[in-house]
Amino acid sequence: MTKPLRIGMVAGEPSGDVLAAGMVAELRRQYPDAIIEGIGGQHMIEQGFHSLFDMETLSVMGLVEVLSHLPAILKVKKQLLAQFEKNPPDIFVGIDAPDFNLRVEKALKAKGIKTMHYVSPTVWAWREKRIHKIAKAANRVLGLFPFEQQVYDKYNVPYTFVGHTMADSIALEPDQSASRLALGLNQDSRVLAVLPGSRRGEVDTLLPVFLDTIELIHKQRPDIHFVIPAANVHRLEQIQSLLKDANNAEQRLPITVTQGTARDAMIASDVILLASGTATLEAMLCKRPMVAAYKLAPLTYKIMQRLYKAPFFTLPNLLANEAIIPELLQEEVNADNMSSQLLNFFESDNSALISRFTDLHHTLKCNADKTAAKAVVEELFA
């Protein structure tokens, strides 16, 4: 009797969990007896993935911020490698989280295990020479964006553009009415979706200034309703605590807080305020005007100023290769600035922007789950 296929995977944050879930489902469709285990979130687990550790441990952002979490992260890495040494996977796929996954991949590759990295590190934006480290760690990189190919070709590192699973799962013309119904929102309301991030540090940093922005908007446009979706139960508790600290903002203002409904909140909205990251891509695919904001620790920001070479930091602008949405950093992230830009979207004809979003959607719609799973199988049996 042949042994079942063993596939190791690690997703380090909610966006990676969403990204990998479809690939896990496709691999299990082809290999129903496969053992797919490592670290993942609820979306992967629902597709039959076995998570050995809580993904929340790895969900840390920033060069400086990660230091306080380092002991816990290193402990997980050690235990994970011990598990994979005891039960070696036939192939390992690291999903994003390059600081963690590339180290795991390198260690496993050194033991003769085939490795892949799903989501290219931002070598096109900063520290291009990391591509040599990637080549030592992964047999192949699966990438989400077409502009990445040229960097990998330059260094002769195997790369496959698979598109983005969200581009496949989100309709080209999302149904706003259905999403409002699902969230219990009035069909005639004007709605601003507010997404302060999926990591604890992001929410602590951004939600207070986002709430100040909501206060300003409410004074000028009391007809606008606000929806704040929490990425998971951890963020739900955190958001509710911060709202209570802000003079019970949830009770004073027309705010609806939900859990695990970010996409519905985006589609239900007219405009979005959000933390920069994968959510900006999702907002673009949902065809909603947005203002993207981010605040880094001061030291992290100084380091990034020196190292970051791309002209933009949000995915819609990088894909378009021009500033099609406002992207705000550091001191630009203030209530006056954000409320002004958001209200401008509420009062403008945004059809040209939506048309541009639709064009970009088409470029990423490549049946990513099947394409990624096919690449894993091909690498496995190469």
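**View 1. Four aromatic pairs turn up in this predicted model**. Let us start with Phe84 and Phe92, whose ring centres lie 5.8 Å apart. Their planes meet at 65 degrees, so this pair is edge-to-face, since planes over 60 degrees apart fall in that class. Are these two rings buried or exposed? Phe84 has a relative accessible area of 1% and is buried, and Phe92, at 0%, counts as buried too.

**View 2. Tyr152 and Tyr159 form a stacked aromatic pair**. Here the distance from centre to centre is 4.9 Å, with 20 degrees between the planes. Tyr152 is buried at 0% relative accessibility. Its partner Tyr159 has a relative accessible area of 7%, which puts Tyr159 in the buried class as well, because the limit for that class is under 20%.

**View 3. Trp124, Phe145 and Phe147 gather in one aromatic cluster**. As a reminder for reading these ring views, a pair of aromatic rings is described by the distance of the centres and the angle of the planes.

**View 4. The largest nonpolar core holds 125 residues**. Which of its members touch the most others? They are Met9, Met23, Tyr118, Leu192, Ile228 and Ile255. Helix H9, spanning residues 200–220, supplies the largest share of this core, with eight residues. A second core, separate from this one, has six residues, among them Leu183, Leu185, Val227 and Ala265.

**View 5. A close look at Met23 and the residues it touches**. Setting aside residues up to four places away in sequence, Met23 touches Met9, Val93, Ile95 and Tyr118. The list of its partners also includes Asp369, Ala372, Ala373 and Val376.

**View 6. Six strands make an open sheet with parallel pairing**. Follow the strands in the order S10-S9-S8-S11-S12-S13. Strand S10 (255–259) and S13 stand at the edges; each has a single partner strand, so one side of each is left without a neighbour in the sheet. From one strand to the next, the twist averages 20 degrees. Zooming in on one edge, S9 (residues 224–230) and S10 pair in the parallel sense over five bridges. Within this part of the sheet, Pro229 stands opposite Thr258 in S10.

**View 7. Gln330 sits in the loop between strand S13 (327–329) and helix H16 (335–346)**. Is this loop residue buried or exposed? Gln330 is buried, with a relative accessible area of 10%. Beyond its neighbours within four places in sequence, Gln330 is in contact with Tyr294, Lys295, Leu296 and Tyr301.

Key. Residues are numbered from 1 along each chain as its sequence is written. This is a predicted model: local features need pLDDT of at least 70, side-chain atom pairs count only at pLDDT 80 or more; totals for chains, interfaces and linings use all residues. Side-chain values use heavy atoms; hydrogens and water are left out. Helices (H or I, at least four residues) and strands (E, at least two) are DSSP runs, numbered from the N terminus. Buried means under 20% relative accessible area, exposed over 50%, partly exposed in between (1.4 Å probe, protein chains only). Contact means heavy atoms within 4.5 Å. A nonpolar core is a set of buried Ala, Val, Leu, Ile, Met, Phe, Trp, Tyr and Cys residues joined through side-chain atoms within 4.5 Å. Rings of Phe, Tyr and Trp (its six-membered ring) pair if their centres lie within 6.5 Å; planes under 30 degrees apart count as stacked, over 60 as edge-to-face and the rest as tilted. Two strands pair if DSSP finds at least two bridges between them. Axes are lines fitted to C-alpha atoms, for helices over the stretch in contact, and angles run from 0 to 180 degrees between N-to-C directions.
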